[in-house]
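This report covers one helix, the surroundings of a ligand, and some positions annotated in a database record. The sequence and structure come first.

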Amino acid sequence: MSRLEASRLRKSLRLYLVLGSANCKIDPAIVVEEAIRGGVTLVQFREKGGNALKGAEKEELARRIHTICRRFGIPLIINDDVDLAIAIDAEGVHIGQEDEPADQVRKRIGDKILGLSVHSMEEAELADHRIVDYMGVGPIFPTLSKDDAREAQGPGVIREMKLKNVTLPIVGIGGISMERASEVIDAGADGIAVISAITGAADHGAAAQKLVCEVAASIERR
Ligand code: TZP
Ligand code: MG
């Protein structure tokens, strides 16, 4: 298999659900299924925090989530755990600036999708197009879902990247709600990545459906 082409990936980035057991009041695999039925286009398993599952329990949850994603043809990305991504043959890996360097990860994962978190124009310019498939840019707005989140950048950081011809696909992340989704797309993002806008909603499927409609409408307007 060869690397996923950017145009297909951009479509998969439209509504990117990030979650782990800390974000869910019910079984995360059920949240994933409801959210995919609502319109989520990509899922990231991000098992973080004090009570995060480890070892075999973490792998078991990842496998259950992957089974659901596969049933719907939705790619699963694993946050910062290359071994787990390889073990369950997930579709990709997402790393931060402080994680294992992207070139080393690329060597280990072959053609799987590789996402990189960036917080600024400088970090975006350093992201190697030959190695990285997409960038997660944020936090765009203040977030309560990440303990060590940096200062919110505002959608302007994405606008600047597009103006300066950063061509890698971009997904905005951090504090993105129904009301603020369109600002992120209008700034030039290919999609939005959310935790609480879906996991914290009373109806996960309905929240996903509204978000994906908002993103699609904003993309069609530009
Ligand atoms: N990275 C930057 S902000 C963030 C992550 C993982 C948390 C996003 O969660 P929410 O609830 O959508 O603000
Ligand atoms: Mg990380």
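In this predicted model, Gly156 and Leu163 of helix 7 are exposed, on the other side of the helix from its buried residues. Helix 7 spans residues 156-163, and its buried residues are Val157, Ile158 and Met161. Viewed along the axis of helix 7, these buried residues stay within an arc of 100°, so they line one face of the helix. The general geometry agrees: an α-helix has 3.6 residues a turn, so residues three or four places apart point the same way.

What do the buried residues of helix 7 pack against? Their partners are two helices, helix 6 (121-126) and helix 8 (181-186), and two strands, strand 6 (134-137) and strand 7 (170-173). After helix 7 comes Asn165, which has a positive phi, near 60°.

The second topic is the ligand. Around ligand 1 there are 15 residues, of which Thr143, Ser145, Gly174, Ile195 and Ser196 come nearest. By residue class, the shell around ligand 1 holds eight nonpolar, six polar and one charged.

The third topic is the annotation. An unreviewed UniProt entry places the feature "binding site" at Gln44, Phe45, Arg46, Glu47, Lys48, Asn79, Ser117 and Lys146. Two of these positions, Arg46 and Ser117, are described further here.

Arg46 sits in the loop that runs between strand 2 (42-45) and helix 3 (55-72). Is Arg46 buried or exposed? Arg46 counts as buried because it has 23 C-beta neighbours inside 10 Å, where the threshold for burial is 20 or more. Apart from residues up to four places away in sequence, Arg46 touches Val18, Leu19, Gly20 and Asn79. Asn79 is itself among the positions that the UniProt entry lists.

Ser117 belongs to strand 5, residues 113-118. Ser117 is also buried, since 22 other C-beta atoms lie within 10 Å. Its contacts, leaving aside neighbours within four places in sequence, are Gly96, Gln97 and Gly136.

The table sets out the burial counts of the two residues.

| Residue | Other C-beta atoms within 10 Å | State |
|---|---|---|
| Arg46 | 23 C-beta atoms | buried |
| Ser117 | 22 C-beta atoms | buried |

Finally, the confidence values. The chain has a mean pLDDT of 97, with 100% of its residues at 70 or more. For the complex, the predictor gives an ipTM of 0.98 and a pTM of 0.98.

Definitions and conventions
Residues are numbered from 1 along each chain as its sequence is written. Chains are lettered from A and ligands numbered from 1 in the order in which they are written. This is a predicted model: local features need pLDDT of at least 70, side-chain atom pairs count only at pLDDT 80 or more; totals for chains, interfaces and linings use all residues. A residue is near a molecule or strand if its C-beta atom, placed from the backbone, lies within 6 Å of it. Ala, Val, Leu, Ile, Met, Phe, Trp, Tyr, Cys and Pro count as nonpolar, Asp, Glu, Lys and Arg as charged, and the others, Gly among them, as polar. A residue is buried if 20 or more other C-beta atoms lie within 10 Å of its own, exposed if 12 or fewer, and partly exposed in between; C-beta atoms are placed from the backbone. Helices (H or I, at least four residues) and strands (E, at least two) are DSSP runs, numbered from the N terminus. The arc is that of the directions from the helix axis to the C-beta atoms. Two residues are in contact if their C-beta atoms, placed from the backbone, lie within 7 Å. pLDDT is the predictor's confidence in each residue, from 0 to 100. UniProt positions are given in the numbering used here, feature names are shortened, and annotations may be inferred rather than shown by experiment.
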